[in-house]
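Trainee: I have a new model to read. Could you take me through a few of its features?
Mentor: Gladly. Let us open it.

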Amino acid sequence: MADRNRTHPRPTGSRRTRRAALLVAACALVAAGCTGGGEQSAPRPDGPSPHEAVAQGLPGMPPLLDQHDLYAADRPNRLAPQVRNYPSRIYVPNTGSDTVSVIDPRTYKVIETIPVGVQPQHVVPSWDMKTLWVNNNRGHDLTPIDPATGKAGKPVKVHDPYNLYFTPDGKYAVVMASMDRQLVFRDPHTMETRKTLPVDCAGVNHADFSPDGKYFIVSCEFSGELLKVDTAKMKVVGQEKLPFEGAMPQDVKISPDGRTWYIADMMADGVWILDGDAFGRPKLLPTGKGTHGLYVSRDSRTMYISNRGEGSVSLLDFRTGKLVGKWHIRGGGSPDMGGVSADGKVLWLSGRYNSEVYALDTRTGKTLSKIRVGEGPHGLAVYPQPGRYSLGHTGIFR
């Protein structure tokens with residue numbers, strides 16, 4: 001966009017020429033809001049125009065459906081057109097078996113086992129939601145799975161892909177290269193490197209993005225730290241040590257209103273509560289032993305918190321910020337990562353140390369099923385899920 005503070009000489013020429021110049025300038029100011037015929041996009045009747053909403057955040061990021069609820073697009077069964085006909089499946093990466101178990105959620109049975117690379121950690125939906133990427137951490141590659149057919153494609157070489165995220169504008173994939181101590185910004189389709197960002201912390205692993213998409217918070221598992229990263233500049237703009245000796249931060253999730261960040265900590269046995277904008281000292285909310293994964297209910301009212309060390313799930317009320325209940329897995333277990341079913345009725349979690357997957361009723365907390373899978377099941381993906389685009393991990397949709 002041109003610098004509007006600069007002074008320009010009075011335009012000369014015909015009135016028609018001046019009018020054409022003004023039209024061109026107007027089109028530039030609304031960021032391509034005009035078509036070739038000079039027509040402008042009409043404002044949405046339920047809020048600001050898409051151009052106005054995008055201009056307030058990261059350029060190119062789809063506007064939020066509701067400024068007060070980041071997860072408004074994730075309502076029950078609100079599937080995007082491109083995923084509407086995908087079969088409903090649970091994809092489970094087994095880190096010790098180098099496979100992905102595929103579960104039919106209707107029968108609670110494994111219907112296929114897909115060989116992948118060495119030490120698959122997470123199954124991650126792409127930004128456009130058309131591909132599932134299996135993060136083969138020690139195999140140093142990504143295996144693409146077509147969610148329409150369930151078939152795996154040719155692996156793509158990517159070094160140390162512990163976890164994978166996508167910038168809200170869809171411009172970059174962000175590889176959490178944990179052992180390499182790097183955030184690697186890559187092309188979201190070819191995975192070619194665009195920028196490598198070395199970081200001064202150990203074990204980058206999970207993240208989430210601010211409401212405007214301009215920054216994201218990253219957890220560093222092995223050094224007990226948090227990073228604040230400028231999305232557009234691809235630069236670390238904040239770093240802090242968690243105030244707990246031996247802290248091991250895991251999953252990161254932002255509240256529906258975009259004001260509060262929650263960071264699971266498996267050694268502090270709770271979630272850290274952080275103001276992401278201020279990036280000050282966080283406070284700890286104890287939840288249970290081995291706190292690990294964080295998942296938002298389909299009505300944006302509750303966060304499900306998996307406590308891997310005690311086989312439980314804590315319930316946090318977003319409105320009050322308080323814990324309102326706890327579910328215990330029948331017979332015990334080690335609930336780790338997962339996701340919520342498209343209809344919001346079932347919470348699916350991997351049992352990291354029990355070679356099993358848990359299906360929990362989100363209304364009662366009842367254990368609906370325990371399903372045997374491979375060794376070391378980790379970042380399972382419930383797919384498809386509601387939403388318009390994916391920010392990565394096992395499914396952060398907006």
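Mentor: Keep in mind that this is a predicted model. We start with two strands. Four bridges join β9 to β10, which covers residues 173-177.

Trainee: How do β9 and β10 run, parallel or antiparallel?

Mentor: Strands of a sheet pair through backbone hydrogen bonds, and both directions are possible. Here β9 and β10 run antiparallel. For one bridge, find Y165: its partner in β10 is V174.

Trainee: What is the strand order in the sheet?

Mentor: The order is β9-β10-β11-β12, an open sheet of four strands with antiparallel pairing. β9 (163-166) and β12 (193-198) are the edge strands, each pairing on one side only. From one strand to the next, the twist averages 20 degrees.

Trainee: Now the rings. How many aromatic pairs are there?

Mentor: Nine, from a search of the whole structure. A ring pair is described by the distance of the centres and the angle of the planes. Take F209 and F216: their centres are 4.8 Å apart. Their planes meet at 40 degrees, so the pair is tilted.

Trainee: Is F209 buried or exposed?

Mentor: F209 is buried, with a relative accessible area of 1%. F216 is buried too, with a value of 1%. Elsewhere, ring pairs link Y86, Y383 and F397 into a cluster.

Trainee: Which residue lies over the face of Y215?

Mentor: K228 does, at 4.3 Å from the ring centre. Look also at Y295: the charged end of K253 sits over its ring, 5.7 Å from the centre.

Technical notes: Residues numbered from 1 in each chain as written. Predicted model: local features only at pLDDT ≥ 70, side-chain atom pairs only at ≥ 80, totals over all residues. Heavy atoms only, no water. Pairing = 2+ DSSP bridges. Axes fitted to C-alpha atoms, helices over the stretch in contact; angles between N-to-C directions. Phe/Tyr/Trp six-rings, centres within 6.5 Å; stacked < 30°, edge-to-face > 60°. Buried < 20%, exposed > 50% of the residue type's maximum accessible area, 1.4 Å probe, protein only. Lys NZ or Arg CZ within 6 Å of the ring centre and 35° of its normal.
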